[in-house]
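Please look over the sequence and the model below before reading on, and keep both at hand while following the explanation.

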Amino acid sequence: MPSTNQDQRLPAGFFTRDVETVARGLIGTVLLVDGVGGMIVETEAYDAGDPASHCFRGPTARNASMFGAPGHAYVYRSYGIHWCLNFVCLTASGVLIRALEPTVGLDRMAERRGTAELRRLCAGPGRLCQALGIDDRLDGHALDLPPFELRPAERIARVSAGPRIGVSRGVETPWRFCLDGSRFLSRPAARSAGS
DNA sequence: GAGGCGATTGGCT
DNA sequence: GCCAATCGCCTCG
């Protein structure tokens, strides 16, 4: 029988590599929360010593999860309104999940988002958290335990790199990664950078 | 303690 | 394209 990624998991140690490698490697991975979600098509890397990172100025109550073990979630409130999901990697580095291609539980996501417009269900860090029902209850939660479920990419993804969105410092660092040609990005990809 | 600014989004000019 | 919403954290006094 041909195998699918239906019951596979990310390899142990996936999150204990440099954060840029993890951010790029997450493109094509399937993320589900309580069985609802889709394929990751856009990520950004942030590391310690990175002026754009919440960790740049050291630990606070908000970013405590980022200083914990790799392979856990860091969920923070953005602009006092939205939630944003990160995957914690080594030494206070992490990957912001910016967009999914919705594949599983479309009805549930549409209900939470208040729209059925597929293209915008999960196109943006705040939107995907709303669609998947993610809030601070999942801050610090292990990514290999329910309600999280992560499945490896089925194919090698073509990925482009470009500057991160919405940052005022570290603006040159090309640590935003997008699935080439995806219609589900939060914004168009930077012009043909990376591979 | 006060004022300003976000790893954003949706609605309106 | 511009702007408000809304709150935790930073800077400055």
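The paragraphs that follow take up a helix, its packing partner, two DNA strands and a serine.

This is a predicted model, and a convenient place to enter it is helix 4, which spans residues 125-132. Helix 4 is mostly covered, since six of its eight residues are buried, and these are Pro125, Gly126, Leu128, Cys129, Ala131 and Leu132. The surroundings of these buried residues are varied: they pack against strand 1 (30-33), strand 2 (36-46), strand 4 (82-88) and strand 5 (94-104), and also against helix 2 (106-113) and helix 3 (118-121). After helix 4 comes Gly133, a residue whose phi is positive, near 70°.

Among these neighbours, helix 2 can be described in further detail. Two packed helices are described by the angle between their axes and the distance between the axes. For helix 2 and helix 4 the angle is about 115°, and the axes are 7 Å apart, while the crossing in which helix 2 passes helix 4 is right-handed. On the side of helix 2 the contact is made by Met109, Arg112 and Arg113, which meet Arg127, Gln130, Ala131 and Leu132 of helix 4. Sorted by class, the residues of this contact are three nonpolar, one polar and three charged.

Helix 4 leads on to the DNA, and in particular to DNA strand B. Which element gives the most to the surface near DNA strand B? That element is helix 4, with three residues, although strand 3 (73-78), strand 4 and strand 5, like helix 4, each supply at least two residues of that surface. There are 20 residues around DNA strand B, and those that come nearest are Tyr76, Asn86, Arg113, Gly126 and Arg127. By class, the surface near DNA strand B divides into eight nonpolar, nine polar and three charged residues.

The polar contacts to DNA strand B reach both its phosphates and its bases. A backbone N or O atom of Gly126 lies 2.8 Å from a phosphate oxygen of DNA strand B, and an N or O atom in the side chain of Arg127 is 2.5 Å from a phosphate oxygen of this strand. Asn86, by contrast, is directed to a base, with an N or O atom of its side chain 2.6 Å from a base nitrogen of DNA strand B. Taking the atoms of DNA strand B within 4 Å of the protein, 54% belong to sugar or phosphate and the rest to bases.

DNA strand C has its own set of neighbours, namely Arg57, Thr60, Ala61, Arg62, Tyr79, Gly80 and Ile81, which by class are three nonpolar, two polar and two charged residues. Of the atoms of DNA strand C within 4 Å of the protein, 67% belong to sugar or phosphate, and the rest to bases. Arg57 uses its side chain, in which an N or O atom is 2.7 Å from a phosphate oxygen of DNA strand C, whereas Arg62 has a polar backbone atom 2.9 Å from a phosphate oxygen of that strand. A polar backbone atom of Tyr79, in turn, is 2.2 Å from a base oxygen of DNA strand C.

The last stop is Ser182, which is found in the segment after strand 8 (176-179). Is Ser182 buried or exposed? Ser182 counts as buried because its relative accessible area is 15%, and buried means under 20%. A polar atom of the side chain of Ser182 lies 3.0 Å from the backbone nitrogen of Phe184.

Conventions
Residues are numbered from 1 along each chain as its sequence is written. Chains are lettered from A and ligands numbered from 1 in the order in which they are written. This is a predicted model: local features need pLDDT of at least 70, side-chain atom pairs count only at pLDDT 80 or more; totals for chains, interfaces and linings use all residues. Side-chain values use heavy atoms; hydrogens and water are left out. Buried means under 20% relative accessible area, exposed over 50%, partly exposed in between (1.4 Å probe, protein chains only). Helices (H or I, at least four residues) and strands (E, at least two) are DSSP runs, numbered from the N terminus. Contact means heavy atoms within 4.5 Å. A residue is near a molecule or strand if one of its heavy atoms lies within 4 Å of it. A polar contact is a pair of N or O atoms within 3.5 Å; within protein, one must be able to donate a hydrogen and the other to accept it, and residues adjacent in sequence count only if both atoms are side-chain atoms. Ala, Val, Leu, Ile, Met, Phe, Trp, Tyr, Cys and Pro count as nonpolar, Asp, Glu, Lys and Arg as charged, and the others, Gly among them, as polar. Axes are lines fitted to C-alpha atoms, for helices over the stretch in contact, and angles run from 0 to 180 degrees between N-to-C directions. A crossing is left-handed if the near helix is turned anticlockwise from the far one by less than a right angle, and right-handed if clockwise.
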